[in-house]
Structure formats: C-alpha cells, structure tokens
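Subject: Structure for you to look at

Dear colleague,

I am passing on the structure we spoke about, together with some notes on what turned up in it. Please open it alongside this message, so that you can follow each residue as you read.

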Amino acid sequence: MKYILNLLAAIFSFSAIAQTTITSTDFMIAGDTVGVSTTTDLSIDFQTTGQNSTWDYSNLMENSQLFEIAYDISTAGMVVEFQFGTFAPPQYQASFYQPFDGLPLDQLGGILPVSIESINRLTKIENDKVTYLGYSLEVDGQQVGFRSDTIEAAYVFPLNYGDNYSSRGYTKMDFNPVFDSQFIQYRQRESNVDGEGQLITPFGTYNTIRIHHLITELDSVRVNLGGFNQWFPINRTISEYEWWDNNLKRPVLKIETEGAMGSETPTRVTFLNHQLANLPKNSIEVAVYPNPSSDFINIQSKEIIQKVNVLSSTGKIVNSFVLNSSSISIDLQDLALGMYTLQSITQNGQSFNPIVIK
C-alpha cells in the first residue's frame, strides 16, 4: 500500500508541475483566422518573468478589435504565387502570407517616388521550425515579391521553458524597373523561453510559456535623388514578448517594444479575444464583385448574411454593415485606396474575401 501511495504521489506531483510545450501544431495554417484585441496601455509590465510565474493582465482595457488572417498563397497574385507557391523551390514554398507592418518603409514616404501598399510576410510552417521566407508588396498597383537570401527561423520546435536559439535573415529588395531604389534588411534574432506559469487576461486564464525575441535590425534604403544615389540607414532594436498556450494559433498575449538609449517603449499590445473567436468557423461560399472596385462592392451568398465587416490590411475593422439578406451592395467610396478584406458572417459560418479599392 505504501508503494502505491508513493507512486500516486509521484504521478500527482509530475502532473502538477507539467509545463506547456509549444510545437508546430499550435500555429496557424492557411485559411485560419484569429480574433484579437489591442490596447494602448503603454505602462504594461513586460519585465516580470521566470519559472512558476503568475502574470495578471486581467485589467487590460480593449482599445480596438482586429482579425489576424493566414491567407492562402493562391490569393497573393500570379507573381507572388510563382515565387512562393507550389512551383517555387522547396525552401521557398510558403504555408501562407499575412499583412505585415514591420518594414520601416513608411518612414520614407516623402522620399520614395511611388506608393507602397499592402506589405505582406510569407511564412512557412514545418515540423521543426517556422521560417520567414520574404515579403510581397503592392507598388503602384503592381504585386511584387522578394525572397530572403538568408531565411530567418522565427521559432524552433519543440519549445519548452529554458530553451533558446538564434537566427538571422537577410533580404534585398531591388525595385527596378518599377522605380530606381533598393531596400536591404538584415535581422539578427535571439529568442529565449524565459518564463512559464499562469497568464490571466480579460478573457481567461492560461498555462503558458513566455518567449522573448530580441531582434536587432540593420536596414538601409537607397534612393536616387536628383541623379545621385543616397543611402538612408534605419537601425532598430525590437523586442517581442509572447505568451503561448496550446491549440490557440497565436500568442495569447503579445507585447512589442522598441529600444532607444537603453530603454524600451511598448509600441503594440494584442491579446486573444474569445468573443471574436466564438464566431461560426465554417467557411461559406460568397461571391464578391466587381473586384477591384472604385466605389460599390456586391456580395452574394446562398445563405442569409447577418453582418459584413470591412478589415484594413492589418486586420482592423474599419467599417461594419448589419444585414439580413443573401445579396447586398455596399458603398466603399469613403475608403482610402488599397487592399481590404470583407468578412461575411452567417448563422452557419463566415468567409474572408480580399478586395482592392482603386
């Protein structure tokens, strides 16, 4: 009997201290959507960590809502699909693409002679790692893609408390012949699973591990000004603090910061929103036309559409239409030019359809 009691105690002790392990199955696949909330609480604590931690962020105040979407490569346009689709070399065959606002090209909006819209990052999910393969951009209405010469490993599996790894990525974007300019990005990543424990948000409590990604980025842009080539350096130090639990497709909580003069300033905080996540999951067939459009978009479905959300390139809801019809025409004339996504919601499912406003 004593042996049995000791065995049960050992089993209970092991289960009580079991820690979260993150693998590739905890990440998004093409077609997945995740609803998240954002907050502007720049005083949020991102320093506290360690083993058996309790992170209580239950008082986070939601500022806005958005959807993170993993788009299928077949919707990226012919050029990008050729570069990152099934006909690309194996190492460049992406699992999906997502909108990405981490390229600092917006800082040079007054210098670049063209408009750059709809920046996306190409991601590949494998059993042992997640890699970033390159980028796609819409430059004056043309979709172009750029493969990374050195592919960055963002995650290495399995991930447990105490693990660490490093990686680097190098990408050169030559915009010729669209316009005479080049962008060079060099990223050095140091990732450390520096915490494990209980995370509390306004939407629930989770058993998580925390990953701290420290990214040193040395970028430069060459622009032809008055016949002279000028290089503009853009150097940044970025930290991403992520709390992961199983089967949730993205971090439960993510805090992004930028460093300057020895200090860090939060730039964005996002966390899972289960109210958005509880929307019906099934994909429904929806016809959207004309696409591109300059004013009105028609939406048709075999089911009654209850609501349509218009999402920006970053997934933020910029307009909503409450409906009760299988056919509707919506006015998008007030939107700025660029790429958007229409989210159509019915009682049985939802769809996400990329659209272009020109």
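Is D101 buried, partly exposed or exposed? Before the answer, please keep in mind that this is a predicted model. D101 is partly exposed, because its relative accessible area is 43%, which lies between the 20% under which a residue counts as buried and the 50% over which it counts as exposed.

Salt bridges

D101 is also a good place to begin with the charged residues, since its side chain meets that of R268 in a salt bridge, with 2.8 Å from N to O. This pair links distant parts of the chain, as D101 sits in the loop between β4 (96-99) and β5 (116-125) while R268 belongs to strand β13, and the two are 167 residues apart. R268 counts as partly exposed, with 32% relative accessibility.

R268 has another partner in E256, and in this salt bridge the closest N and O atoms are 3.0 Å apart. E256 lies in strand β12 (residues 253-260) and R268 in strand β13, so the bridge ties together parts that are 12 residues apart in sequence. E256 itself is buried, with a relative accessible area of 12%.

A further salt bridge joins the side chains of E126 and K129, at 3.4 Å from N to O. E126 is partly exposed at 27% relative accessibility, and K129 is partly exposed with a relative accessible area of 26%. In total the structure holds 14 salt bridges, and some that share partners join E152, R187, R189, E217, R236 and E258 into one network.

Aromatic rings

A search of the whole structure for aromatic pairs finds 12 of them. One is formed by F27 and F157, which are arranged edge-to-face, with 5.3 Å from centre to centre and 65 degrees between the planes. F27 is in the loop between α1 (2-16) and β1 (33-39), whereas F157 is in the loop between β7 (142-156) and β8 (164-174), so that this pair, with its members 130 residues apart, links distant parts of the chain. Both F27 and F157 are buried, and ring pairs link these two with Y155 and W244 into a cluster.

Charges over rings

Two arginines are placed over tyrosine rings. R121 lies over the face of Y132, 3.7 Å from the ring centre, while the charged end of R147 sits over the ring of Y92, at 5.0 Å from its centre.

The surroundings of Q185

Finally, please look at Q185, which is found in strand β9. Q185 is buried, with a relative accessible area of 2%. Leaving aside residues up to four places away in sequence, Q185 touches L103, Y135, G169, Y170, T171, E217, L218 and D219. With Y135 there is a polar contact from side chain to side chain, at 2.9 Å. T171 is 14 residues away from Q185 along the chain, and the C-alpha atoms of the two are separated by 5.2 Å. E217, which Q185 touches, is also a member of the salt-bridge network described above.

With best wishes

Definitions and conventions:
Residues numbered from 1 in each chain as written. Predicted model: local features only at pLDDT ≥ 70, side-chain atom pairs only at ≥ 80, totals over all residues. Heavy atoms only, no water. Phe/Tyr/Trp six-rings, centres within 6.5 Å; stacked < 30°, edge-to-face > 60°. Helix = DSSP H or I, 4+ residues; strand = E, 2+ residues; numbered from the N terminus. Buried < 20%, exposed > 50% of the residue type's maximum accessible area, 1.4 Å probe, protein only. Lys NZ or Arg CZ within 6 Å of the ring centre and 35° of its normal. Contact = heavy atoms within 4.5 Å. Polar contact = N/O pair within 3.5 Å; in protein donor to acceptor, adjacent residues only side chain to side chain. Salt bridge = Lys/Arg side-chain N within 4 Å of Asp/Glu carboxyl O.
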